[in-house]
Amino acid sequence: MSFQPNPGDEVVINDIAYTIGQHPAAPGLAYAQAGRQGIVYQLLPRNGSIHGAKALKVFFPKFRIPAMVYQSEHMESYSELPGLQVCKRDVLTPERNGALIGKHPDLLYAVLMPWVQGQTWFDVISDQRQLTAEESLKLARALAGTGSAMEQRGLAHCDMSAPNVMIPFFSEVENLGKTSAVELVDVEQMYGSKMDRPDALLAGSPGYAAHRTVHSGLWSSYADRFAGAVIIAEMLSWSDPVIVEKAWGESYFDQHEMQTVSERYYAMRESLEKRWGSKLSELFIRAWESHDLSSCPTFGEWYVALAAVDVHQANAVAAATAEEEAANPSEADVNLKNSSEPVNEPVNTQDGNRPQTPHSPDQEAVVNRLFLQARALEDEDKPAAALEVYRSLYHFIPHNSAMQMEVEAAIKELDAKLNPKEDTDKPVPVPFYRSKKFMISSAVLIVLLAGGVPTVKILADQAEVKQKEQQEATRLAEVKAAEEAEAAKAAALKQQEEQEKQKAADAAKLDAEEKKKLAEAKQKAAEAKKKEEERQALQAKYDKQAKYEAFLVKQEQQKKEAAKRAEQEKYDKQAKYEAYLVWKKENDAKLAKQEAERKAAAEVKRQQEIAQKAALKKKRAQNVVTLIAHYNKTYNAQKGRKIENAEAYARDFKNLYSTDAAYFKGVGKVAARMSAINKFLSNNSYKLPNL
C-alpha cells in the first residue's frame, strides 16, 4: 500500500505518535513538499504543537539506499553546527520499523528529521520580496558562517541553491530554540571524508551552477563555493529594488548567463560596490571569473569581509538613490543600464596590493579564530590545509603588524615544506689528473726513468713506501676535511637558527616597546581627558549657580503676576460657568438625541460589514481551492499532451487569479503557480512544475 496520507492521519514512528499536518493554503490536503529525490511531509505531535513538528522525507524508488543509515549516523554530529539542524536524522529500517514499512513499503529508508519553519530563498526571489539592508546583511552573514563552519570540517552541501536554503528568520512561528537565520535542507548529497560517494551525482541547480567546470556532477570539498557566492550576493543585493526588479524569475541569473558578461552581472556588481564596499564586490568578481571551484573565495573570506561591513552605508546609499530617482527617475534608469565599468577602489600608498581599511572588533575576532585554526592544522600535520587558511587570512591582516610578519613566515615555511628545493651543497668531484694519487705516481715514474737500472729496485721500494704514506695522509686529510665541513655546516645552521631567534626576539621586543608606548600615550591621553573633565565640571558648577540665582528672581516675579492673573481668572471663570450651565443643559439634550441616532446607524452598518466579510472570506477560500484545481488540471493535461485543454485551464486560472490578485499573491504557492501559468501561456513548451 503506497503512502498517500490525508490531514489528521496518525503515524507511529519509534513508539511516538504523530499526525499528518494540513496545508495552510489548501484545506483538506496534506502538507507536503516535492523535491528532486522525494516528498517531505509535515508530522505534528499528538498535542498539535507546531514547535515539535517533524519532517518525514519519503524517497522515490531510485533514491532508497540502505547506506542512508550509515550516512545519517555520521551526519548526527554535524547537527550542532549553525544551519545544519536537519542533520539530526532517524532512518526507518526494516529492523526497527518493520510493521510500518510492511503497511507502507514506500517508507523503506525514509528519513525523520526536524521540520524547519519559514520560507525558502526560492520563495523570496519568486515573490520579489524586497529586504531591508539589516535583513540582507543578517542572512548573508548567517549563510557565510554556516559555509565556513562546514569548510573547516571538510564538508560541502553539493547542491546549494535557492530551494535548499530555508529562512527561519521570516517564519511567522516563534522559534523557541536557537535556530539559525539560515538553514540548509536536502543534505543527502553532502560531501565529507567519511561519506560514501552517491551513485547519482547532481550537477547543481539552474542559476547557481558554474558551467566551466561542472559537467558530470558535484562532489568535493569545494562544491559549494560558487553557488554560495551567488546566493550571498543575491542576499546582499535583495535590499536594492533595481536588482529585485531585474531578477530572471526563480533565481536572479538565467542559467545561460552564468559566468558571462551580462547586464544582470554588471548591475549586481555595481550594487555590491555602492552599498557594501569594494571588498565584497571583489569577492563576487573572483567567484564569477574563476576557472575552477577551488579558485572561488572561501566562505571564511566572505565571513571576514561581512564582519567589517557597516549597514549604515547601505542605508545611506539607498536613501540617496531613492532621492535621486524621485528627482529624475528616467535618468537613473539610463545610468543603471549603461553602467559597465567597476568603481575604482582606493589603494594604500604604503602597500599597493591591499587597501587599508579599519578593522572592527568582529573582524579582529574572526581573524584571530582563523589564525588559531591554521595553527591547529599545523599541529595536526596538515600543511596543505594550514597553508590555504594562512593565505586566505593574509589579505585581512593590518599592514606591517606583528601578525603579518608571523603569517608571512608561516607561509614561506609551509611552502618550502610542501615544495622542497634540490640540495646544491654536494661536494664537487676533483678531476683525476689533479688528485694527489696521480701526482705521486707520476713523480715515481720520472725518478725510475732517470736513475737507471742499478737503482730501480731501491727507488721502487722507497716509492712504494712513500706512496702508502701519502695515501694514508691523503685519506686522513679527506676525513678531517669532511669532519671540518660537517662542523662548519652545523655551525652555520646553528648561527642561522640563532639569527632567526634573534630576529624573532627583536621583533617581539619592538612589538613590546610599541605596546608600551601606546599604553603610555593612552595613559597621558586619559590624564589629560580627566583634567579637562574636572575643569568642565567646575565651570558647569559655576554656571549652574548663576542660573539658579537668576531663576529665583524670575520665580518671585512670576509668583506676583500669577496671583494677579488668578484673581482675574476667578471672576472670568464664574461668569463663564454660569453661561456654561445654560449651554450644557441644551447641548446634553441635543447630544443624547444624536448619539441614539448614531448608535442605531452604526449597528445597521456593522451587521452589513459582518455579512460582507463572511461572504468575501468564503468566496476567497473557495477561489483558492478552484485555482489549485485549475493548476492541477493544467499540469495533468500537459502531462497527457492535451495542450489545448491545458491552455484552456491555464486561461481559467489566470482569469480567476486576476479577479483578486493582491490577495492571491500572499497565499501559499498561488503566486508561484501564476508565474508558471504565465510562462506556459507565453510558451506552451514550458514544463509546468509540480507544485
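In which sense do strands β1 and β2 pair, and over how many bridges? In this predicted model, strand β1 (residues 10-13) and strand β2 (residues 16-20) pair in the antiparallel sense over 4 bridges.

**Figure 1. The hairpin of β1 and β2.** Within this pairing, Val-11 has Tyr-18 of β2 as its bridge partner. The hairpin leaves 2 residues between the strands, and Asn-14 adopts a positive phi near 55 degrees. The two faces of β1 can be told apart by their cover: Val-11 and Ile-13 make up the covered face, whereas Glu-10 and Val-12 make up the uncovered one. Val-11 thus appears twice in this view, as a residue of the covered face and as the bridge partner of Tyr-18.

**Figure 2. The open sheet β8-β9-β10.** Three strands are arranged in the order β8-β9-β10, and their pairing is antiparallel. The edge strands, β8 (119-120) and β10 (183-184), each pair on one side only. Between β8 and strand β9 (residues 165-167), the antiparallel pairing comprises 2 bridges. Here Thr-120 stands opposite Met-166 of β9.

**Figure 3. Surroundings of Ser-271 in helix α7.** Helix α7 spans residues 263-276 and includes Ser-271. Is Ser-271 buried or exposed? Ser-271 counts as buried because its relative accessibility is 5%, below the limit of 20%. When neighbours within four places in sequence are left aside, the residues in contact with Ser-271 are Ser-237, Asp-240, Ile-243 and Trp-276.

**Figure 4. The mostly covered helix α8.** Helix α8 covers residues 278-288, and 8 of its 11 residues are buried. These buried residues are Ser-278, Leu-280, Ser-281, Leu-283, Phe-284, Ile-285, Ala-287 and Trp-288. Which helices do the buried residues of α8 pack against? Their packing partners are α5 (225-237), α7 and α9 (299-307). Helix α7, one of these partners, is also the helix that holds Ser-271.

**Figure 5. A nonpolar surface patch that includes Tyr-577.** Tyr-577, Tyr-580, Leu-581 and Trp-583 make a nonpolar surface patch of about 430 Å². Tyr-577 belongs to helix α16, which runs over residues 456-639. Because its relative accessibility is 45%, Tyr-577 counts as partly exposed; this class lies between the limits of 20% and 50%. As a general point of helix geometry, an α-helix has 3.6 residues a turn, so residues three or four places apart point the same way.

Conventions
Residues numbered from 1 in each chain as written. Predicted model: local features only at pLDDT ≥ 70, side-chain atom pairs only at ≥ 80, totals over all residues. Heavy atoms only, no water. Patch = residues over 30% accessible without salt bridge, like charges linked within 9 Å, V, L, I, M, F, W, Y side chains within 5 Å. Areas by Shrake-Rupley, 256 points an atom, 1.4 Å probe, with all protein chains shown as cover. Salt bridge = Lys/Arg side-chain N within 4 Å of Asp/Glu carboxyl O. Buried < 20%, exposed > 50% of the residue type's maximum accessible area, 1.4 Å probe, protein only. Pairing = 2+ DSSP bridges. Contact = heavy atoms within 4.5 Å.
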